Amino acid sequence: MSKIYIVEDDRSIREELAELLRNSGYETDCLTDFSDSAAQVLAARADLILMDINIPNLNGEQLLKEIRRETDTPVIMVTSRTSETDEVLSMSYGADDYITKPYNPTILLLRISAVLKRSAGTASVQTYSGLQVNDAKGTLSDGSREMTLTKNEMIIFRFMLDRKGMIVTRDELMTALWDNDEFVNDNALTVNISRLRSKLAELDCGDAIETRKKQGYILK
Amino acid sequence: MRIIDYIKDRCWFYLTAAISFGMMLLFLTAYCVSVQLIGCISVIYLLFIIIEELIGFFRKRDFYSELSEKLEVLDKKYLIHEMLQKPPFLEGELAYDALCEANKSMCECVAEYRRSFTDFREFIELWVHEVKLPVASLQLMAHNHKDELGDKFMEQLRRIDGYTDQVLYYARSENAEKDYIIKPVSLKRAVANAALKNREDIQLAGACIETEGLDVNVMTDGKWLEFILGQFTANSLKYKSPDRELAIKVSAEDMPDKVLLHFRDNGIGIHERDLPRVFEKSFTGDNGRSYAKSTGMGLYIVKSLCERLGHSISVSSEQGSFTELTIAFAKNDYYLN
């Protein structure tokens, strides 16, 4: 379970953010005393740091500089300042991503998992119950048979594979697709999922994706 | 300054001079002064008047013709006193001093307004950033405690966010300082971000988006471009046709000297009469009056942002069938290669 450290001075946002992350299966920890922020952030040994720019004492950019001197832990800057200047500055100090408030929680989760995945350096080939998943070729194979997935099907399968055993909402799947420039609508998503199911069935994994009514899907 | 105008202006002097000359002749004749002497005195008198007038004319002419010539070519006419030498005659000096004085007072006045405008703008910017915190907090709450109201709250919160963004970018578009960064921006990324931000609204409206040829970088400010695309999307959603499904097509055209970004929808379109005025401030037109509530600010802000970034924007439309907005991004070989 990845640990995410939240640096945010607005109490209400901090608490809701922690809840959101816990609900999505992350461990969280928050900075509450900003007098010695750098040392505390480093002591937490988190896998990822979510950081606001407007925080007391050291501001986010200075804090980021301090942290970067010690560690390469991925940092996502989260701020209400919508400006390219801040983004360029943060990125140049070594932030891994930059998100502006108010954010769509689903998009935030998507970015977090993308950054975590990048820093973990996951290989492009993964397995799912005996199936080889090849991102580059866009295929699933069980050694003897190979099944080609469309781009959309691959995005959906990858997304669910990364959250194996957890409920994935249609909303999240939709966000993942749109984030990859696939502007599909509700019907197309349904079609894509049923096609993915039938392709999995041909590889003898017919019941891999289960539907949870009014909640979403789950990859067993 | 023409000599004829000067003479006209001096007619009272000539009249009094003529009367005094007449009276002098009368008295000289009455005292039986010799005709030669009268002739002599007359010539001296006339010579004096002519010379005095010529000197007066040329002194003034130099100053005033310089004034009007410089005024003609100056683009900021209120700076005229900086361009003039102090004139060598009394009236001119008085006028010159008054001009300087008036100008100084105007500058102070303008500076005061500029200061208060800047203060106001900074406060607006600060306020927008502040108000985004509770909005962010509410969005998280609505997401964390999802019941049937969650989505409705989310929808309203997106509206609040949209309106505050409009205020922020309005303040930015009116600002004289440079607060944007021009760098290569992927059109694909910008369009995806804008679409993602408005995804729920687009899906609620049942719209579909098609893209074409967006694999191109343009020189612009990414955040501003996303806001502009967001405004386009909001307009398309607002003015969709009731008879058919809304389809939005975003395409780019890579040309030797520029990149054109087309944003086309199949909505109700804009009446030909209103078309030239859609970028005007507070212009609502037929559509704004009869379909959806409109502030008439969206496209005005978009236009000002485009002007500041150095892009040109145009619109074409046919009522009842489509609206197409096109932004032209100039290419700069120095940056792109």
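Is R273(B) buried or exposed in this predicted model? R273(B) is exposed, because its relative accessible area is 51% and the cut-off for that class is over 50%. The legends below describe this residue and several other sites.

**View 1. R273(B) and D274(B) form a salt bridge in chain B.** The nitrogen-to-oxygen distance between the two side chains is 4.0 Å. R273(B) is the exposed partner, at 51% relative accessible area. D274(B) is buried, because its relative accessible area is 7% and buried means under 20%. Side chains of opposite charge can pair when their charged atoms come close. Over all chains, a search of the whole structure finds 42 salt bridges.

**View 2. A salt bridge between D171(A) and R199(B) crosses from chain A to chain B.** The side chains of D171(A) and R199(B) meet with 2.7 Å from N to O. D171(A) belongs to helix α7 of chain A, residues 170-179, and R199(B) to helix α7 of chain B, residues 199-204. On the chain A side, D171(A) is partly exposed, with a relative accessible area of 25%. On the chain B side, R199(B) is buried, with a relative accessible area of 1%.

**View 3. K220(A) and E210(A) pair within chain A.** Their side chains form a salt bridge with an N to O distance of 3.3 Å. E210(A) sits in strand β11, residues 209-212, while K220(A) is in the segment after β12 (216-219), so the salt bridge ties together parts that are ten residues apart in sequence. K220(A) counts as partly exposed, at 48% relative accessibility. E210(A) also counts as partly exposed, at 27%.

**View 4. Two domains of chain A meet at an interface.** Domain 1 of chain A covers residues 3-120 and domain 2 covers residues 125-219. Their C-alpha centres lie 30 Å apart. At the interface, eight residues of domain 1 are in contact with ten residues of domain 2. The two domains bury about 650 Å² between them, and 57% of this area is on carbon and sulfur atoms. In domain 1, the residues that lose the most area to domain 2 are T106(A), L110(A) and K117(A), which together make up 65% of what that side buries. The rule finds two salt bridges across this interface.

**View 5. R111(A) and D179(A) belong to a network of salt bridges.** The closest N and O atoms of R111(A) and D179(A) are 3.2 Å apart, and the two residues form a salt bridge. Which residues are linked in the network? The network links D97(A), R111(A) and D179(A) of chain A with R189(B) of chain B.

**View 6. Nonpolar side chains form a surface patch on chain B.** The patch has an area of about 610 Å². Its residues are I3(B), I4(B), I7(B), L46(B), I50(B), L54(B) and F58(B). The elements giving two or more residues to the patch are α1 (3-9) and α3 (35-73) of chain B. Of the contributing elements, α3(B) gives the most, with four residues. I7(B) is found in helix α1 of chain B. I7(B) is partly exposed, with a relative accessible area of 41%; this value is therefore over the 30% that a patch residue needs.

Conventions:
Residues are numbered from 1 along each chain as its sequence is written. Chains are lettered from A and ligands numbered from 1 in the order in which they are written. This is a predicted model: local features need pLDDT of at least 70, side-chain atom pairs count only at pLDDT 80 or more; totals for chains, interfaces and linings use all residues. Side-chain values use heavy atoms; hydrogens and water are left out. Patches are made of residues with over 30% relative accessible area and no salt bridge: like charges are joined within 9 Å, nonpolar side chains (Val, Leu, Ile, Met, Phe, Trp, Tyr) within 5 Å. Accessible areas come from the Shrake-Rupley method with a 1.4 Å probe; for residues, only the protein chains shown count as cover. Buried means under 20% relative accessible area, exposed over 50%, partly exposed in between (1.4 Å probe, protein chains only). Domain bounds come from an automatic or database domain assignment. Contact means heavy atoms within 4.5 Å. Buried area is the accessible area (1.4 Å probe) that two parts lose on being put together, summed over both.
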